[in-house]
Each structure stands twice: as structure tokens, then as C-alpha cells.
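Please examine the fold, packing and ionic contacts of the protein model shown here. A series of questions and answers is requested.

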Amino acid sequence: SLERRAMSHAGVYRDSRDDNATEVPYPEAFAQDEAVGAQGAKTQWRNALELAMKSNKSQIWSKWFQLATVRPDGSPANRTVVFRGFVEGSDSLYIVTDSRSKKIGEIASNPWAEIAWYFTISREQFRIRGKLQVVGPSFVAAASDHPNLASLRVSAWQEMSHGARNGFAWPQPGDAPPAPAEVFSNAFASPTIPPDTFSIVVMEPTDIDHLILKGTPQKRTLHTKSDSGSTWLSTLCNP
């Protein structure tokens with residue numbers, strides 16, 4: 001895939017497939033990406049995010065990000081989660097969660113959320129805003145949904161480690177006092193069939209704020225999805 005990243009010292013984009021590529025000034029690079037995006041290729045922000053993940057893959061925490069939701073009373077809720085991948089054929093990201101967790105109710109009350117994802121090696125941050133959708137045991141796909149979400153839930157379950165799967169057979173999260181230790185150590189979940197306690201949460205991004213902290217000045221790009229959902233507008237702004 002086309003990989004580009006901001007060159008913090010020069011205010012340009014470089015096509016990283018070619019070490020001898022000509023550096024392209026920002027405005028021209030943005031115009032090219034708009035045209036490519038219209039032809040169905042990966043979006044500019046998706047290319048930047050995938051390159052950041054590749055550049056930081058030596059650090060296990062590079063797959064962790066903070067997901068902020070809104071409680072029914074309007075107060076914020078935040079937690080660290082693990083990026084599991086993109087929904088095939090889209091720019092939507094997904095994570096896994098316990099169906100009994102409080103975030104399920106929060107999403108039902110208000111599906112809007114924001115991701116804060118910082119990469120320590122490349123020193124860049126992605127703030128990704130969008131709507132969340134829970135795909136659980138009773139999920140029924142609507143006409144507007146991605147067609148493979150139910151099967152994605154099953155494959156996500158089967159790809160998890162034995163220990164991680166067994167965690168979904170633990171007692172109710174948040175209950176007090178805690179259950180005896182042997183209840184946790186003896187918990188077992190099927191390696192093939194996800195239990196009712198297992199869900200995936202899908203975010204469909206609508207806005208991305210990408211900040212590269214290296215260099216002076218820093219480079220900040222805002223990516224906004226059009227109302228029709230068919231195109232993205234990328235705008236450079238002050239950091």
C-alpha cells in the first residue's frame with residue numbers, strides 16, 4: 001500500500017516506497033491524496049496510521065490506545081484497549097470487550113466516542129472520533145452495516161489466546177466482594193464458539209486529528225469525512 005508520512009523538517013510528503021522519491025510540498029501531496037481517495041484507495045490518514053503502527057511495532061504497547069465514551073449522566077469514561085484490526089473493506093477499527101462491561105450501556109446511551117493513540121518512537125498522536133457499534137451475541141445486521149460483522153466476531157474470538165478467552169468466563173466484572181481465586185483459575189471458554197459475554201466494538205471514524213511532534217513547528221493535519229461519507233477532506237493547521 002501507498003505509505004506516506006510528513007517529513008517534519010521540511011513540510012513535505014515523501015512516497016516511502018521509493019528511497020529516491022521526489023519530495024512533494026504539502027498542498028500538492030494533499031491534492032494527490034484527495035484524487036487517489038476518490039478512486040477507492042486507502043485514505044491518507046489510514047496510510048499514516050498504518051505507517052505509524054509499522055514504525056512502532058517493536059513496542060508491544062503500540063497496539064494500545066485510550067477509548068473515551070460518555071456515561072449516561074454525561075460524565076466521561078476512559079480506558080485503555082487493544083487494537084484488533086480494521087473491518088475488511090472499510091476504515092472502521094474494532095476492539096473486543098466483555099458484554100457485561102459498563103461501556104456497553106454507555107455506547108447504547110451515546111455512540112459517540114474518541115480514541116487517543118500515541119506512538120512513542122515516531123512521536124505522533126492520532127485522535128480518532130466516530131460512532132461505536134456493539135456486535136454481540138444477539139447482533140442482527142442492518143442493511144447499512146458491514147456484511148461480515150457477525151463472522152468477524154467469531155474470527156476475533158478464535159484468534160485470541162487461551163488465557164484471554166477464559167477471562168470471558170470469569171464472574172461478573174465489578175462485583176464485590178471478589179470471587180474466590182479458584183473460580184478464576186478454573187474458568188474455561190470454548191476455543192471456537194464465542195460466549196454471550198464476548199462482543200466486538202466497531203468504530204466508524206468521522207474525524208481524525210493527526211499531530212507529529214517531531215520538528216519545529218510540529219505538523220498537524222485534520223481529516224474530516226464528508227456528509228455523504230464518500231470522501232475525506234484533509235487540512236493542514238497550526239499545531
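The questions below move from the whole chain to its helices, cores, salt bridges and backbone.

This is a predicted model, in which local features need pLDDT of at least 70, side-chain atom pairs count only at pLDDT 80 or more, and totals for chains, interfaces and linings use all residues. Residues are numbered from 1 along each chain as its sequence is written, and side-chain values use heavy atoms, with hydrogens and water left out.

Q: How many helices and strands are there in the protein chain?
A: Helices (H or I, at least four residues) and strands (E, at least two) are DSSP runs, numbered from the N terminus. On that basis, the protein chain has six helices and twelve strands.

Q: What percentage of the residues in the protein chain is buried?
A: Buried means under 20% relative accessible area, exposed over 50%, and partly exposed in between (1.4 Å probe, protein chains only). Of the 239 residues in the protein chain, the buried share is 42%.

Q: Among contacts in the protein chain between residues at least 6 apart in sequence, what percentage joins residues at least 24 apart?
A: A contact means heavy atoms within 4.5 Å. For pairs at least 6 apart in sequence, the share that joins residues at least 24 apart is 59%.

Q: Within what arc do the buried residues of helix H4 fall?
A: Helix H4 spans residues 149-159, and its buried residues are Leu-149, Leu-152, Arg-153, Ala-156 and Trp-157. The arc is that of the directions from the helix axis to the C-beta atoms. These buried residues line one face of H4, because seen down the axis they fall within an arc of 135°.

Q: Which elements do the buried residues of H4 pack against?
A: The partners comprise three strands and one helix, given here with their residue ranges. The buried residues of H4 pack against strand E7 (93-98), strand E9 (124-135), helix H5 (162-166) and strand E10 (198-212).

Q: Which exposed residues are carried by the face of H3 turned away from its buried side?
A: Helix H3 (residues 102-109) has the buried residues Lys-103, Ile-104, Glu-106 and Ile-107. They cover an arc of only 165° around the axis, which puts them on the same side of H3. What covers them includes E4, strand E5 (76-82), E7, E9 and E10. The face turned away carries the exposed residues Lys-102 and Ala-108.

Q: Which element supplies the largest share of the largest nonpolar core?
A: A nonpolar core is a set of buried Ala, Val, Leu, Ile, Met, Phe, Trp, Tyr and Cys residues joined through side-chain atoms within 4.5 Å. Of the 24 residues in the largest one, Leu-49, Leu-67, Trp-117, Phe-126 and Ile-128 touch the most other members. Helix H2 (44-55), strand E4 (64-70), E7, E8, E9 and E10 each supply at least two residues. The largest share, five residues, comes from H2.

Q: How many residues apart in sequence are the parts tied together by Arg-79 and Glu-106?
A: A salt bridge is a side-chain nitrogen of Lys or Arg within 4 Å of a carboxyl oxygen of Asp or Glu. Arg-79 forms one with Glu-106, the closest N and O atoms being 2.9 Å apart. Arg-79 counts as buried at 19% relative accessibility, and Glu-106 is buried at 6%. Arg-79 lies in strand E5 and Glu-106 in helix H3, so the pair ties together parts that are 27 residues apart.

Q: Which residues are joined into one network by salt bridges that share partners?
A: The structure holds nine salt bridges. One of them links Arg-129 and Asp-207, with the closest N and O atoms 2.8 Å apart. Arg-129 lies in strand E9 and Asp-207 in strand E10, so this pair ties together parts that are 78 residues apart in sequence. Salt bridges that share partners form one network of Lys-42, Arg-46, Glu-50 and Asp-91.

Q: Where is Pro-177, which a cis peptide bond joins to Ala-176?
A: The cis peptide bond between Ala-176 and Pro-177 has an omega of about -5°. Pro-177 is placed in the loop between H5 and helix H6 (181-185).

Q: What is the phi of Arg-123?
A: Arg-123 is found in the loop between strand E8 (112-119) and E9. At 38% relative accessibility, Arg-123 counts as partly exposed. Its phi is positive, in a residue other than glycine, and lies near 55°.
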